[in-house]
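Visitor: Please take me through one part of this model at close range, the way its helices pack, and then go on from there to the sheets.

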Amino acid sequence: MMPAFRAVGLLSGGLDSALAARLLLDQGIEVIGLHLEAPTACRSDVREVARDLGIRLEVRAKGEEYLRLLRNPRWGYGKNMNPCIDCRRFMFLLGRSYLDELDAHFLFTGEVVGQRPMSQVRSTILMIDRASGLEGWILRPLSARLLPETEPERRGWVDRSRLLAIHGRGRQEQLALAASLSLRHYQSPGGGCLLTDARFSARLRDLFEHTPEESTRMSDVALLRLGRHFRVGPGRKIVLGRNREENVRLADFEDAERWLVEPDDFRGPSALVCGPREEHLLAQALALIARYAPDAARGGRVRWREAGELRTAVLEGEALHAPSDPAGSNSPD
Ligand code: SF4
């Protein structure tokens, strides 16, 4: 028999949303996992989680609209650059649009009352539901019995007595439940969102302070995940790879506004220059490469492309001066 009701759940890859999905599956609800991607999220094995649960997974991007929200959150930031209230509302609005598309009856999340100080206080949870136009249509199976009855419960689609009343920041109940349900694939508790990380937040703040809103792109945010960052002026930054893998990944960011300077005949960091093709930016990129590849500081050759032409230069070591202080908020590594 086909399940009578279908729910869309925001699936992060973490334990709580996996447990919430499992509780509904156990009530015969058809569950579709919706994973909303952004470069501010830690990598998660959400596909493994969905496979483990045996559910269909839809992966969608939060998109450039999310970037605007990050810059101008109506309800402000948490301890770091995490605009949790705006973010939850944004995700619910996206989820709401997918309810129709996926022909589903209601939305659910793995939220736990009292788990996060900003967005998971009971009154704030209810306020976000109202602000997203979904009051009564978002079920939180892990804490449902601490919250007002939702429509799916009232209409008898979901048995409220089989939902839970978990509260607070502790993880013991969830871990015990995961063990009893043999859930295996989920991200370790506490990880998940880089916006709650102080060092990532410092980089994001630096990006917003030095880049006009209209020219900030989501790929600028994605770049914050990589390398050592050196602010060398408004709209001008140099990012150095810390290892071979990062050097390769930096190359993917090269475009009309970012250009790559790479070691040609020695081992060392690549430098992604974010800004126009200016001589002083090239000089600073060479100086930084020399600083982090001291063995090649004299005589090593680097290459870059300019107007489609391959150009090279030889590092001159101490003759060049790198930005004086790479430590600090914009270069936490
Ligand atoms: S922790 Fe991150 S992903 Fe979660 S609500 Fe806050 S900003 Fe959004």
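Guide: A term is needed before we start: a crossing of two helices counts as right-handed if the near helix is turned clockwise from the far one by less than a right angle, and as left-handed if it is turned anticlockwise. What follows describes a predicted model.

In that sense, the crossing of H4 and H5 is right-handed. Helix H4 covers residues 84–101 and helix H5 residues 122–131, and the two pack with their axes 9 Å apart at an angle of about 45°, so that H4 and H5 are oblique to each other. On the H4 side the contact is made by Ile-85, Arg-88, Arg-89 and Phe-92, which meet Thr-124, Met-127, Ile-128, Asp-129 and Ala-131 of H5. Sorted by class, this contact of H4 with H5 comprises 5 nonpolar, 1 polar and 3 charged residues.

One residue of that contact also leads to the ligand: Arg-88, which belongs to H4 and meets H5, is among the residues around the ligand, together with Asn-82, Pro-83, Cys-84, Cys-87, Arg-116, Cys-193, Leu-195 and Thr-196. By class, the shell around the ligand holds 5 nonpolar, 2 polar and 2 charged residues.

A second helix pair offers a crossing of the other hand, since H1 passes H7 in a left-handed way, by the anticlockwise turn that defines the term. The axes of helix H1 (residues 15–25) and helix H7 (residues 172–180) come within 10 Å and cross at roughly 55°, and H1 and H7 are therefore oblique to each other. Leu-15, Asp-16 and Leu-19 of H1 make the contact with Gln-174, Leu-175, Leu-177 and Ala-178 of H7, and the residues of this contact divide into 5 nonpolar, 1 polar and 1 charged.

Turning to the sheets, we find 5 strands in an open sheet with parallel pairing, in the order E3-E2-E1-E4-E5. Strand E3 (56–61) and strand E5 (138–139) each have a single partner strand and stand at the edges, so one side of each is left without a neighbour in the sheet. Further in, strand E1 (residues 6–10) runs parallel to strand E4 (residues 106–108) and is joined to it by 3 bridges, with Gly-9 standing opposite Phe-108 in E4.

Another open sheet has 6 strands with antiparallel pairing, ordered E6-E7-E9-E8-E10-E11. Its edges are strand E6 (228–233) and strand E11 (309–316), and because each has a single partner strand, one side of each lacks a neighbour in the sheet. From one strand to the next the twist averages 25°.

Within this sheet, E8 and E10 pair over 2 bridges in the antiparallel sense, and Pro-263 stands opposite Val-302 in E10. Val-302 has a further bridge partner in E11, namely Ala-313. The pairing of strand E10 (residues 298–306) with E11, also antiparallel, consists of 7 bridges, and Glu-306 stands opposite Glu-309 in E11. These two strands form a hairpin with 2 residues between them, where Ala-307 takes a positive phi near 50°.

Helices also lie against this sheet. Helix H10 (residues 244–251) lies across strand E7 (236–240), strand E8 (258–263) and strand E9 (271–274), and runs at about 140° to E7. Helix H11 (residues 279–292) packs on the sheet as well, where it touches E6, E7, E8, E9, E10 and E11, and its direction makes about 25° with that of E7.

Definitions and conventions
Residues are numbered from 1 along each chain as its sequence is written. This is a predicted model: local features need pLDDT of at least 70, side-chain atom pairs count only at pLDDT 80 or more; totals for chains, interfaces and linings use all residues. Side-chain values use heavy atoms; hydrogens and water are left out. A residue is near a molecule or strand if one of its heavy atoms lies within 4 Å of it. Ala, Val, Leu, Ile, Met, Phe, Trp, Tyr, Cys and Pro count as nonpolar, Asp, Glu, Lys and Arg as charged, and the others, Gly among them, as polar. Two strands pair if DSSP finds at least two bridges between them. Helices (H or I, at least four residues) and strands (E, at least two) are DSSP runs, numbered from the N terminus. Axes are lines fitted to C-alpha atoms, for helices over the stretch in contact, and angles run from 0 to 180 degrees between N-to-C directions. Contact means heavy atoms within 4.5 Å. Angles under 35 degrees count as roughly parallel, over 145 as roughly antiparallel, 65 to 115 as roughly perpendicular and the rest as oblique.
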